[in-house]
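Hi everyone, thanks for coming. I'd like to walk you through one structure today, so please have a look at it while I talk.

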Amino acid sequence: MFKSLTSKRLLATSASENAARQKQQFNVFDRSAKLLQRSRTPKLNPQESRKVEYLRDEVAIRTIERLAFITRDFDRLLDFGSHLGNLIKNLFEESKVPETADSADIEICKQLNNDKKTIRSKIKELVMLDSSKDILFRDIEQPFNSQFEGKIIRNVGDEEAFDHECLEESNQYDAVISNLSLHWINDLPGTLANINRVLKPDGLFMGTLFGGDTLYELRTSLQLAELERKGGMSPRMSPLVHLNDVGSLLNRAGFSMLTIDSEDIVVGGFPDIASVCKDLQLMGEQNSVLSRSNFLPRDVMLAANEIYKALHGETDEHGNVTLPATFSVIFMIGWKKSENQPQPLARGTGQINLKDVL
């Protein structure tokens with residue numbers, strides 16, 4: 001009787017500690033504000049929203065290139081933080097050969113289109129999850145939805161809360177893909193651990209997020225302008241994960257056989273800093289830090305524009321100065337641990353001396 005009461009008290013204490021730990025979680029981002037930011041343009045002006053899908057589409061293409069090296073089927077695939085479904089959209093859009101392409105570019109484009117056919121034939125059921133209903137269903141009438149021979153399921157649910165019914169069961173997905181969604185999550189270690197949980201043993205996780213050097217041109221210009229005009233700095237830009245931290249995050253979440261790399265995508269041709277900020281706003285990628293300042297003084301904006309041009313401006317063939325915006329995208333691949341995975345040999349069992357190799 002005493003043991004039973006003791007165990008019940010321990011369970012009650014553990015539950016209260018967990019609840020307290022959740023309340024004490026340090027939040028950086030305002031998730032409710034981010035939902036409004038992401039939903040506003042797709043709801044009010046879908047055409048304008050479609051014009052700024054270039055970044056997500058490019059990352060989806062590069063994800064497809066990496067998926068092409070995975071030889072297994074994905075009978076049930078989860079697109080976590082799917083936006084409109086850029087992955088499945090680009091699987092059905094034929095990549096065009098640029099007019100200035102050489103023979104190598106033509107072969108690369110041909111291979112990419114073949115990879116798209118192969119990958120979409122491997123997917124039997126695609127489960128999409130996004131917190132914004134407006135962007136998730138924005139392009140539901142587009143041809144790629146009917147061209148897909150498998151099954152598409154769209155679910156509206158908060159990525160950080162991870163409480164949607166499609167995420168309740170463990171060991172259910174062959175692969176989880178997440179493109180440009182994880183960088184707005186407060187509890188990233190917890191979310192990665194939950195992604196690991198819903199994967200089948202030896203399941204694949206492939207994700208992308210913006211890294212620490214993203215928009216460094218805009219970041220430095222705003223900081224210098226505000227220091228000059230106001231004598232201090234406000235948190236105008238979101239803090240981002242650095243490449244060196246991703247490996248430990250994936251290991252902590254239970255993934256193995258990691259592959260991590262980073263690519264810079266430079267978008268050029270912006271006439272001024274206001275155009276850069278407008279595109280970010282239409283994407284829903286503007287600042288949502290809890291301690292953010294909602295007002296940017298005009299004099300700071302004008303000063304930042306001149307600093308941006310002076311430090312990072314590019315002169316085109318007509319003598320006009322345009323502004324580039326650099327997005328540093330971190331690509332990560334991890335596998336859920338399984339007994340069937342290759343294991344390292346025991347220490348001391350090697351048969352080749354490194355001296356002979358080096």
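**A walk from the surface inwards**

Let's start with the outside: the protein chain has an accessible surface of about 19,400 Å², and carbon and sulfur atoms hold 52% of it. Please keep in mind that this is a predicted model. Along the principal axes, the C-alpha atoms fill a box of roughly 80 × 60 × 60 Å. The chain has 358 residues, and 47% of them are buried. On the secondary structure side, we have 14 helices and eight strands. Among contacts with a separation of 6 or more, 84% are between residues 24 or more positions apart.

Staying on the surface for a moment, which residues make the nonpolar patch of about 380 Å²? They are Leu-224, Leu-227, Met-233 and Leu-311. Take Leu-227 as an example: this residue sits in helix α10, which covers residues 216-230. Its relative accessibility is 42%, so Leu-227 counts as partly exposed.

Right next to Leu-227 in the numbering there is a salt bridge, between the side chains of Arg-229 and Glu-228, at 3.3 Å from N to O. Arg-229 is partly exposed because its relative accessibility is 41%, while Glu-228 reaches 52% and therefore counts as exposed.

That brings me to charged pairs in general. Opposite charges on side chains can pair when the charged atoms come close. The count here is 19 salt bridges, and I've picked two more. In one of them, Arg-31 meets Glu-159 at 3.0 Å, N to O. Arg-31 belongs to helix α2 and Glu-159 to the loop between β3 and β4, so the pair links distant parts of the chain, 128 residues apart. Are these two residues buried or exposed? Arg-31 and Glu-159 are both buried.

In the other, the side chains of Arg-72 and Asp-202 meet at 2.9 Å, N to O. Arg-72 is in the loop between α4 and β1 and Asp-202 is in strand β5, so this salt bridge ties together parts 130 residues apart in sequence. Arg-72, at 33% relative accessibility, counts as partly exposed, whereas Asp-202, at 15%, counts as buried.

There is also a network of salt bridges, which links Arg-50, Glu-53, Arg-56, Arg-138, Asp-139 and Glu-285.

Glu-285 turns up again in the largest pocket, as one of the residues that lie nearest its centre, together with Arg-236, Cys-277, Gln-286 and Asn-287. In total, 31 residues line this pocket. Two or more lining residues come from each of α2, α10 and α12. The largest share is that of α12, with five residues. As for space, the largest pocket holds about 740 Å³.

Just after Asn-287 comes Ser-288, in the loop between α12 and α13. Ser-288 has 0% relative accessibility, which means that it counts as buried. Beyond its sequence neighbours, Ser-288 is in contact with Val-28, Phe-29, Asp-30, Lys-34, Gln-37 and Trp-184.

Finally, back to strand β5, residues 199-210, where we also find Thr-208. Why does Thr-208 count as buried? Because its relative accessibility is 1%. Beyond four places in sequence, Thr-208 touches residues including Val-59, Thr-63, Ser-178, Asn-179, Val-329 and Phe-331.

That's my tour, and I'm happy to take questions.

Notes. Residues are numbered from 1 along each chain as its sequence is written. This is a predicted model: local features need pLDDT of at least 70, side-chain atom pairs count only at pLDDT 80 or more; totals for chains, interfaces and linings use all residues. Side-chain values use heavy atoms; hydrogens and water are left out. Patches are made of residues with over 30% relative accessible area and no salt bridge: like charges are joined within 9 Å, nonpolar side chains (Val, Leu, Ile, Met, Phe, Trp, Tyr) within 5 Å. Accessible areas come from the Shrake-Rupley method with a 1.4 Å probe; for residues, only the protein chains shown count as cover. A salt bridge is a side-chain nitrogen of Lys or Arg within 4 Å of a carboxyl oxygen of Asp or Glu. Helices (H or I, at least four residues) and strands (E, at least two) are DSSP runs, numbered from the N terminus. Buried means under 20% relative accessible area, exposed over 50%, partly exposed in between (1.4 Å probe, protein chains only). Contact means heavy atoms within 4.5 Å. On a 1 Å grid over the protein atoms alone, a cavity is a set of points where a 1.4 Å probe fits but cannot get out, and a pocket is an open set with protein on both sides within 12 Å along at least five of seven lines; lining residues have an atom within 4 Å of a point. Grid points are joined across faces, edges and corners, and a volume is the space filled by probe spheres set on the points.
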